[in-house]
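Okay, thanks everyone, let's get going. I'll put the sequence and the model up on the screen, and then I'll talk you through a few parts of it.

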Amino acid sequence: MAEKILVTGGAGYIGSHCVLELAEAGYVPVVIDNFHNAIRGADALPESLQRVQQIVHQPILFQELDITNEAALQELFSKHRFSAVMHFAGLKAVGESVQKPLEYYRVNLTGTIRLLETMKAHGVRNIVFSSSATVYGDPKYLPLDENHPVGGCTNPYGKSKFFIEEMIRDLCKAERDWNAVLLRYFNPIGAHESGMIGEDPQGIPNNLMPYVAQVAVGRREFLSVFGNDYKTDDGTGVRDYIHVVDLAKGHIAALKKLKENCGCKIYNLGTGTGYSVLQMVQAMEKASGREVRSDSEPAGPPAQSQLLPHASLRHPKSSLPQQPLCLCLWQPLAPFPQLLGLRQVPSAGPQEPSDPTVLLFLQIKYKITGRREGDVASCYANPALAERELGWKAAFGLDKMCKSIPFPSTLCAVSCPPSGPPLTAVLPVAGEDLWRWQLQNPTGFSKN
């Protein structure tokens with residue numbers, strides 16, 4: 001019989017991708033979530049899990065539940081026999097944790113204590129915990145390995161992760177039949193290749209890539225870059241960006257490790273390479289043929305050399321005039337299927353395509369702002385231990401995260417000219433899976 005795995009917070013970004021991987025690996029995930037960072041779909045299911053069901057072609061068991069509710073947890077464990085728990089539930093924004101420390105300690109610490117007590121009462125002794133590289137605090141050396149000192153956290157979010165790690169380590173030391181794998185994430189980005197599930201922050205995104213993606217589809221006016229005075233090559237913060245599917249596969253490897261009666265093990269999940277904020281922005285620019293412009297730079301039309309032929313909108317019946325046109329987007333995009341701020345200018349130059357084509361040009365503005373409290377200058381992993389002991393290694397590098405490919409021309413319709421058939425979009429992708437997700441879901445899981 002397939003093993004049942006309890007997934008707390010399984011309707012969120014990382015949780016939903018792990019639920020998908022669990023189902024595909026032959027496990028039976030049972031998901032609980034309180035909808036703090038999830039959108040309700042039909043039939044009382046989160047929209048993210050409805051889409052997971054469509055991808056894996058099987059039902060996902062779900063119950064709306066807050067892990068701080070001990071009675072509800074006890075009832076849940078009485079109904080199911082779990083072989084292990086994957087624990088994602090909790091608050092997770094660095095900046096917000098500085099503003100609301102008590103809320104972070106109440107939810108993250110109290111919720112975890114009640115979960116562990118309920119597990120103990122029902123004889124469930126295996127847990128995979130969603131920890132974070134924030135437990136390392138301001139790095140004393142790079143890359144960060146698992147032996148780096150922890151506890152010097154720069155924000156309450158990181159401290160809550162550190163305290164939970166300590167609780168689980170003490171529990172495993174006191175009761176030898178407990179097994180735990182603590183996974184210290186670096187910076188997850190991307191989405192499932194289907195484009196059906198991805199990161200959908202409720203409110204203003206706290207992470208770089210969803211913020212950039214929302215700027216690109218017009219949900220945000222500009223990207224805020226928090227600080228350019230760090231001791232890094234370009235002054236902006238350096239992070240280790242890991243594809244969320246790689247991260248999810250790391251959890252499957254961790255489940256297998258629990259079978260070895262491993263006690264308490266700790267692993268970094270990262271790529272081992274750090275990129276600055278501006279390097280990521282420039283990588284997106286290079287991959288997509290889109291200019292990313294500082295808001296301090298003067299506005300104006302792009303040079304023709306900046307307009308790449310693969311970034312295009314085409315008439316399905318090729319009924320455009322023989323002279324190609326450029327559609328320059330000076331204002332943010334509104335959610336598809338409409339585009340705002342279109343302006344037609346003649347196209348000319350050596351990169352002019354031979355067939356009737358409309359070139360799409362999008363400027364993504366950014367502003368340099370002050371440092372965000374709780375951030376560090378650089379943080380990237382040494383993931384060698386996870387490769388050696390879990391047999392896990394990140395498969396997707398920057399090429400996958402910032403890669404340019406055309407979408408099918410049927411992806412989305414856009415605003416039409418006064419006469420002629422509708423235009424359909426053929427858009428390049430910066431961050432292949434991220435952009436597929438964002439372009440297919442410009443307002444995230446919400447239908448508004």
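I'll go through the sheet, then one strand in it, then one helix.

Before that, a quick reminder that what you're looking at is a predicted model.

So, the sheet. What's the strand order? Going across, you get β3-β2-β1-β4-β5-β6-β11, seven strands in an open sheet, and the pairing is parallel. β3, residues 61-64, and β11, residues 264-269, sit at the edges with a single partner strand each, so one side of each has no neighbour in the sheet. From one strand to the next, the twist averages 20 degrees. And for anyone who doesn't stare at sheets all day: strands pair through backbone hydrogen bonds, either parallel or antiparallel.

Now let's look at β4. On one side, β4, residues 84-87, is joined to β1, residues 4-8, by four bridges, with the two running parallel. If you want to find that on screen, Ile5 is opposite Ala84, and Val7 has Met86 as its bridge partner. On the other side there's β5, residues 126-132, again parallel to β4, and three bridges hold that pair together. Look for Val85 there, which stands opposite Ile127.

Where do the β4 side chains go? In a regular strand they alternate between the two faces of the sheet. Here Ala84 and Met86 point one way while Val85 and His87 point the other way, and all are buried.

Okay, on to helix α1, residues 13-24. Quick sanity check on the geometry: with 12 residues at 1.5 Å a residue you'd expect a span of 16 Å, and the end C-alpha atoms are 17 Å apart, which agrees. Is α1 buried or exposed? Well, 11 of its 12 residues are buried, so the rest of the structure largely encloses α1. The buried ones include Gly15, Ser16, Val19 and Leu20. After α1 comes Gly26, with a positive phi near 95 degrees.

Which residues does α1 use to meet α8? From α1 it's Tyr13, Ile14, His17, Cys18, Glu21 and Leu22, and among their contacts in α8 are Val245, Ala248, Ile252 and Leu255. If that spacing rings a bell, it's because an α-helix has 3.6 residues a turn, so residues three or four places apart point the same way.

As for the packing angle, the axes of α1 and α8, residues 244-258, come within 9 Å and cross at roughly 60 degrees. That makes the pair oblique, and the crossing is right-handed.

That's it from me, happy to spin the model around.

Key:
Residues are numbered from 1 along each chain as its sequence is written. This is a predicted model: local features need pLDDT of at least 70, side-chain atom pairs count only at pLDDT 80 or more; totals for chains, interfaces and linings use all residues. Side-chain values use heavy atoms; hydrogens and water are left out. The expected span of a helix is 1.5 Å times one less than its number of residues. Buried means under 20% relative accessible area, exposed over 50%, partly exposed in between (1.4 Å probe, protein chains only). Two strands pair if DSSP finds at least two bridges between them. Axes are lines fitted to C-alpha atoms, for helices over the stretch in contact, and angles run from 0 to 180 degrees between N-to-C directions. Angles under 35 degrees count as roughly parallel, over 145 as roughly antiparallel, 65 to 115 as roughly perpendicular and the rest as oblique. A crossing is left-handed if the near helix is turned anticlockwise from the far one by less than a right angle, and right-handed if clockwise. Contact means heavy atoms within 4.5 Å.
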